[in-house]
Structure formats: C-alpha cells, structure tokens
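Thank you for making time for this short talk. Please have the sequence and the structure open while I speak, and we will go through one part of the chain together.

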Amino acid sequence: MKITRVATAVVEANFDWTIIRVETDNGMVGWGEAFFAPGLTSTLRELGEFIRGRDPRDIEPIRRDMAQAASAAGAGGQVHHAITGIEAALWDILGQHLKAPLWQVWGGKFRDHVAIYCDCHGGDALESLDSLLQPRELEWDKSRSQWNAQPGTATRDVLAEYTAEAYVKKALQQVEKGFTFLKFDLDIPNPYSLDRYHRRLSVAEVPYLAQLMVDVRHAIGTEVELAVDCHWKFSPDSSIQLARALEPAQLAWLEDPVPPYNLDALKYVRDHSPVPILSGENLYGSHEFRSLFERQAVAIVAPDFQKVGGLAEGRSICHLADQYFLPVAPHNIASPIGTMASVHIAASIPNFLALEWHSSDVPFWSDMIHDGDLIHQGLIAVPSRPGLGVTPNEHTMRLYAKPGEPFFE
Ligand SMILES: [Mg+2]
C-alpha cells in the first residue's frame with residue numbers, strides 16, 4: 001500500500017478547521033484535522049509531497065521523518081499542526097485496513113462514552129476568528145460579524161453580555177441540553193478592568209469576576225462541574241487573588257491564568273491556588289509536557305490532539321501525565337473529525353477527565369459528518385466502526401470552504 005496524495009480543505013467556522021484527506025493506491029481514504037495556523041496549507045502540501053509513495057501503515061517512522069525534516073529546517077508550531085493532521089489520517093487508514101476502531105488498535109477502551117464539557121465562552125461573545133485570531137465577517141453569522149467588522153459603530157452593549165444574569169442564563173441553557181460539565185471565560189470585558197497589558201486585576205475586579213462564577217454555581221447546583229479559562233491574561237499575584245476569591249464556586253479548574261512560557265510562574269500560582277490549575281494547550285510534544293509535569297506546575301493537563309505532534313504523541317503525553325497521577329482534559333476546538341480523533345484517545349487512556357466542545361454556536365458543526373449529532377446528554381458514544389469511525393460530509397465542507405484555499409485539489 002502506498003500514499004498517493006495528501007489533499008486539504010479549510011472550513012471557516014468559529015476557527016479555521018483544516019481537514020486533511022490522505023489517499024492510497026488501493027483506493028483507501030484517511031481523514032485527519034489540524035489546528036489552524038498561518039501558512040498551514042502550504043506546509044501540508046510540502047509534507048504531502050515528502051511522504052508520497054510511503055506505506056501509510058508505517059505511521060511512526062513517517063511521523064519521525066516529517067518531524068526530523070521540519071526540525072532541521074527550523075520550522076515552528078504550524079509544522080507540528082500539519083504533522084498531527086497527516087498522522088491522524090494515517091491512523092484512520094490503518095484502522096480501516098485492520099477493520100478495527102482506533103481505540104482497539106491502541107489496546108482497548110476504558111469507557112463506552114466520553115464526557116464532553118461545553119465551553120460557554122463569555123456571555124454572547126463567540127466570534128469567528130481567522131488564523132491570526134482576528135474577527136471576520138461570515139455569511140452564516142451576519143449579526144455578530146457586523147459587530148466584529150465595525151466595532152466602533154456598534155450599538156451592542158458588550159458589558160451587558162458579561163453579567164451574572166447572562167452567565168447564569170447560558171449555564172442553565174446548556175444544563176437543559178444535558179451537559180454536566182461547563183466552562184466559562186473570565187478574561188472578559190468588565191467595568192473595573194484597568195489595562196489590557198499590565199496583567200494586574202484591580203481591587204474591584206477580583207470580587208466582580210469571582211461573583212459571576214459563584215452565581216453560576218448557585219444556579220446549577222453541585223451536580224454540574226464548572227471550570228473557568230483566563231487565556232494567559234493575568235499576573236501570578238492577581239491569579240492567586242482571583243483563585244482565592246473563586247474558592248466558594250467549587251471549580252474543577254482555573255485554566256491558563258498566566259502566560260504559558262514560564263513554568264515557574266505557573267508553578268508559583270499552583271502552589272498558592274486553592275483551585276486546581278489547568279494548562280497545556282500551547283505545548284508541543286512529550287518533551288514540553290515532561291517539563292510541565294516534572295515541575296508539578298499543573299493539577300490537570302490539556303493537550304490539544306490536533307497540534308501536539310500526532311495522536312500517538314498525544315497518547316504518550318497522557319501516559320506521561322498518568323505517571324504523575326494527573327487527569328487529562330483535552331483542549332478541543334475542532335470539527336467532528338478532530339473531535340472524534342480525540343474521542344478515541346479519551347476512550348483508550350485511563351486518566352481521561354472530560355473533552356472540550358467549543359462549537360455550541362456553530363450551526364453546521366454536526367453537518368460536517370454524515371453520522372448525525374455526536375453529542376447526547378453531554379456524552380459522545382465511543383464508535384465501533386473501523387478507523388476514525390465517522391464519514392466526513394464534503395458537501396458541507398464546500399458550503400463553508402475558505403475562499404482562496406484549495407478544496408481537496
Ligand atoms: Mg483554554
């Protein structure tokens with residue numbers, strides 16, 4: 001069996017979803033997804049040429065050869081994203097070839113259903129962002145995108161979307177849909193923020209932000225898990241003040257309070273925080289996660305399986321986390337294709353906690369596959385079909401394809 005072609009398409013959703021299709025000389029097709037990055041399509045094209053003619057079942061040698069070539073060429077993060085998406089498609093091919101779902105190829109499953117946590121963002125604030133995280137105007141979401149395109153002229157009351165009332169309403173809506181695990185953003189516009197650059201929370205801001213979560217906790221009770229994301233915005237001391245104020249909200253975690261590139265600063269926060277600290281979505285490869293674990297800088301780890309370097313690398317990271325007795329709550333902003341790859345990992349590792357779902361406001365998320373709605377009562381059933389176990393819907397992908405990008409050409 002030989003790889004004959006690696007083709008890509010980019011779908012404009014809340015983020016760019018880069019879908020990878022690997023074809024073989026015996027007519028097999030494998031699907032993968034890569035985390036967005038500027039220039040990702042051209043990187044995928046070059047890597048596709050690099051591996052053409054190889055046996056797609058040689059997954060680990062192919063991955064290492066791609067990674068070694070990229071490293072020698074001084075390539076950065078987007079190459080890891082590209083390698084990850086291609087590697088995932090090779091696993092899909094191997095699973096189909098062996099007539100076994102990926103979790104079975106990897107040694108069996110610990111669970112039949114994977115818990116999904118619903119990212120509720122903040123207020124009504126979901127935006128569609130391009131590969132440099134800039135808001136963009138899209139046909140499928142005109143109301144928001146008009147605001148995004150002309151922030152100076154909007155009449156929308158942004159602060160009103162970040163009140164306790166708005167957060168409680170959003171939480172109860174998702175609980176009504178069956179979710180038992182929610183996450184909200186806390187790096188949000190509020191009446192007391194001082195400056196977006198110096199990272200210090202004002203004396204009025206700390207209790208204001210904490211009260212949002214205390215109110216949500218009162219509304220949802222203690223049978224629903226609750227977490228918050230800070231997107232690397234705060235100083236270590238402000239993070240600790242916020243964590244202490246948040247203690248009554250009984251949070252599952254406080255995510256990325258400080259920037260990700262100083263593990264000692266993160267460790268300092270963790271040592272002084274009554275709330276468990278989660279991080280990991282910015283890291284690549286087992287070696288970067290090893291540093292995180294060795295420093296004991298997190299209580300829960302969040303690798304992104306569309307960027308870490310491959311699904312096998314993702315599983316290695318989870319096993320390494322297990323040596324430190326750490327639960328894994330994978331970061332996930334993917335379409336159903338990448339999400340299902342993460343579901344197979346989640347099923348096949350002991351220390352899985354919950355998988356993110358970031359697309360509650362994307363109207364065509366479920367239409368990206370022919371398999372119907374994946375999420376029921378806050379769970380995804382672990383598939384029994386060979387390989388990835390979903391059938392991508394190219395018609396939907398074409399409807400929302402990013403202009404200027406190839407469409408599986
Ligand atoms: Mg996050």
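**A sheet, two helices and a domain boundary**

Let me begin with helix 1, residues 40–51, which lies across strand 1, strand 2 and strand 3 and runs at about 170 degrees to strand 1. Helix 3 also lies across strand 1, strand 2 and strand 3, and its direction makes an angle of about 150 degrees with strand 3. Please keep in mind throughout that what we are looking at is a predicted model.

Now to the strands themselves, which form an open sheet of three in the order 1-2-3, with antiparallel pairing. Strand 1 and strand 3 stand at the edges with a single partner strand each, and therefore one side of each has no neighbour in the sheet. From one strand to the next, the twist averages 20 degrees.

How many bridges join strand 1 to strand 2? There are nine, and the two strands run antiparallel. If you would like to follow the pairing on your screens, take I3, whose bridge partner in strand 2 is T24, and then A9, whose partner in strand 2 is I19. These two strands form a hairpin, with three residues between them.

On the other side of the pairing, strand 2 is joined to strand 3 by six bridges, and this pair, too, runs antiparallel. Here E23 has V29 in strand 3 as its bridge partner. The hairpin of strand 2 and strand 3 has four residues between the strands, and in it G27 takes a positive phi near 85 degrees. Is strand 2 mostly covered or mostly open? Seven of its nine residues are buried, so to speak of strand 2 as mostly covered is fair.

Let me now step back to the whole chain, which is divided into domain 1, covering 3–100 + 395–399, and domain 2, covering 113–388. The C-alpha centres of the two domains lie 26 Å apart, and 35 residues of domain 1 are in contact with 32 residues of domain 2. Which elements give two or more residues to the side of domain 1 that touches domain 2? Among them are the three strands we have just discussed, together with helix 2 (59–72), helix 3 (77–98) and helix 13 (394–399). The largest share of that side, twelve residues, comes from helix 3. By residue type, the same side of domain 1 divides into 18 nonpolar, nine polar and eight charged residues.

Definitions and conventions:
Residues are numbered from 1 along each chain as its sequence is written. This is a predicted model: local features need pLDDT of at least 70, side-chain atom pairs count only at pLDDT 80 or more; totals for chains, interfaces and linings use all residues. Domain bounds come from an automatic or database domain assignment. Two residues are in contact if their C-beta atoms, placed from the backbone, lie within 7 Å. Ala, Val, Leu, Ile, Met, Phe, Trp, Tyr, Cys and Pro count as nonpolar, Asp, Glu, Lys and Arg as charged, and the others, Gly among them, as polar. A residue is buried if 20 or more other C-beta atoms lie within 10 Å of its own, exposed if 12 or fewer, and partly exposed in between; C-beta atoms are placed from the backbone. Two strands pair if DSSP finds at least two bridges between them. Axes are lines fitted to C-alpha atoms, for helices over the stretch in contact, and angles run from 0 to 180 degrees between N-to-C directions.
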